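User: I'm new to this one. Can you walk me through it?
Analyst: Sure. Here it is.

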Amino acid sequence: MFPASTTKVMTALLAVEAGEFDHMVKVSASAATQEGSSIYLTPGERVSRGDLIYGLMLRSGNDAAMALAEDLSGSKEAFAARMNQRAAELGAKNTSFLNPSGLHDQEHYTTARDMALISREAMKNQNFRTVVGARSYVAAREPGAYNYFYNKNKVLYQYEGGTGIKIGYTRVAGRCLVASSKREGMELICVVLNAPGWFHDTYALMDYGYRSYQLEHIARAEQPLKKVRVPGPSRFVAIGPKEAAVCPVDRGE
């Protein structure tokens with residue numbers, strides 16, 4: 001399916017993995033003149049990487065996407081190659097990215113499963129999580145510039161426990177939404193592509209997830225499970241998992 005601006009999940013993942021949110025990016029003419037949604041960058045303007053990431057994910061700026069791509073890889077094509085390499089590393093084997101924004105191209109596509117895998121990896125990054133969970137953000141651009149970004153993603157406002165992630169739309173791709181939420185320690189990611197009832201469908205699917213499954217704690221982090229015999233004067237040592245062992249199961253199982 002065509003992902004539209006949900007493509008920007010991968011763009012943002014690569015950007016936050018690069019770090020240096022204070023790094024200043026010089027905006028090129030090609031970035032400033034991208035069609036579609038925009039944060040109104042101007043050629044030659046210098047904007048921090050952090051401001052561009054927020055503009056990318058909250059306001060879906062295609063100009064921010066291109067500015068990040070050119071800054072991180074030198075060109076749209078080189079950045080798209082990085083996007084596809086990272087997707088393959090995550091097991092997203094049916095994805096082909098040609099640009100950082102999701103502007104339509106017949107050869108720019110993904111699947112709901114692939115986008116879920118990419119989004120799951122992105123949500124492991126605390127910086128990414130903070131960005132997509134922000135309801136608004138004030139950029140540090142020049143006075144008079146478009147500095148106030150409010151988040152277009154209604155999941156944050158409408159759905160109990162909503163935590164992100166990204167909406168997308170083009171005429172060809174239709175309405176696309178990658179959403180995340182968290183309740184009682186369990187976190188869900190839902191992807192709908194070309195879904196006229198995008199938010200309604202997403203809420204129904206996540207409701208189904210919470211209604212049907214629960215987290216079962218198999219073992220607590222750093223809590224001893226048993227003692228084992230070892231050589232030496234102590235003779236025994238307590239062992240347990242470094243991290244919690246948690247498994248989603250059918251409710252009541």
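Analyst: A term to start with: buried means under 20% relative accessible area, exposed means over 50%, and partly exposed lies in between, with a 1.4 Å probe and protein chains only. At 31% relative accessibility, Cys247 counts as partly exposed.

User: Where do the coordinates come from?
Analyst: This is a predicted model, where local features need pLDDT of at least 70, side-chain atom pairs count only at pLDDT 80 or more, and totals for chains, interfaces and linings use all residues. Residues are numbered from 1 along each chain as its sequence is written, and side-chain values use heavy atoms, with hydrogens and water left out.

User: What does the secondary structure of the protein chain come to?
Analyst: Nine helices and eleven strands. These are DSSP runs, numbered from the N terminus: helices are H or I with at least four residues, strands are E with at least two.

User: And what box do the C-alpha atoms fill?
Analyst: Roughly 70 × 45 × 35 Å, taken along the principal axes. The chain has 253 residues, and 47% of them count as buried.

User: Back to cysteines. How many disulfides are there?
Analyst: Zero. A disulfide here is a pair of cysteine sulfur atoms within 2.5 Å.

User: Why is there no bond for Cys176?
Analyst: Because its closest cysteine sulfur, in Cys190, is 12 Å from the sulfur of Cys176, too far for a bond.

User: Is Cys176 buried or exposed?
Analyst: Buried, with a relative accessible area of 0%.

User: Switching to helices. How do α1 and α5 pack?
Analyst: At an angle of about 90°, with their axes 10 Å apart. Helix α1 covers residues 8–18 and helix α5 covers 76–89. So α1 is roughly perpendicular to α5. That label takes angles of 65 to 115 degrees; under 35 is roughly parallel, over 145 roughly antiparallel, and the rest oblique. The axes are lines fitted to C-alpha atoms, for helices over the stretch in contact, and angles run from 0 to 180 degrees between N-to-C directions.

User: Which residues make the contact?
Analyst: From α1: Met10, Thr11, Leu13, Leu14 and Glu17. From α5: Phe79, Arg82, Met83, Arg86 and Ala87. Contact means heavy atoms within 4.5 Å.

User: How do those divide by type?
Analyst: Six are nonpolar, one is polar and three are charged. Nonpolar covers Ala, Val, Leu, Ile, Met, Phe, Trp, Tyr, Cys and Pro; charged covers Asp, Glu, Lys and Arg; the others, Gly among them, are polar.

User: What does Arg86 touch?
Analyst: Met10, Leu13, Leu14, Glu17 and Glu121, leaving aside neighbours within four places in sequence. Arg86 sits in helix α5 and is buried, at 15% relative accessible area.

User: Where is Glu121?
Analyst: In helix α6, residues 112–123. Glu121 is partly exposed, with a relative accessible area of 21%. Not counting residues up to four places away in sequence, Glu121 touches Leu13, Arg86 and Leu90.

User: How far apart are Glu121 and Leu13?
Analyst: They are 108 residues apart in sequence and 8.2 Å apart in space, C-alpha to C-alpha.

User: What lies between α5 and α6?
Analyst: A loop, and Gln106 is in it. Gln106 is exposed, at 52% relative accessible area.

User: Now sheets. What order do β5, β6 and β7 take?
Analyst: The order is β5-β6-β7, in an open sheet of three strands with antiparallel pairing. Two strands pair if DSSP finds at least two bridges between them. β5 and β7 stand at the edges with a single partner strand each, so one side of each is left without a neighbour in the sheet. Neighbouring strands are turned by 5° against each other on average, direction ignored.

User: How many bridges join β5 to β6?
Analyst: Eight, with β5 at residues 162–170. One pair is Lys166 with Val178 in β6. A hairpin joins the two strands through three residues.

User: And β6 to β7?
Analyst: Seven bridges, with β7 at residues 186–192. Lys182 pairs with Glu187 in β7, and Ser180 stands opposite Ile189. Their hairpin has two residues between the strands, and Glu184 takes a positive phi near 50° there.

User: Is β6 mostly covered or mostly exposed?
Analyst: Mostly covered: seven of its ten residues, 174–183, are buried.
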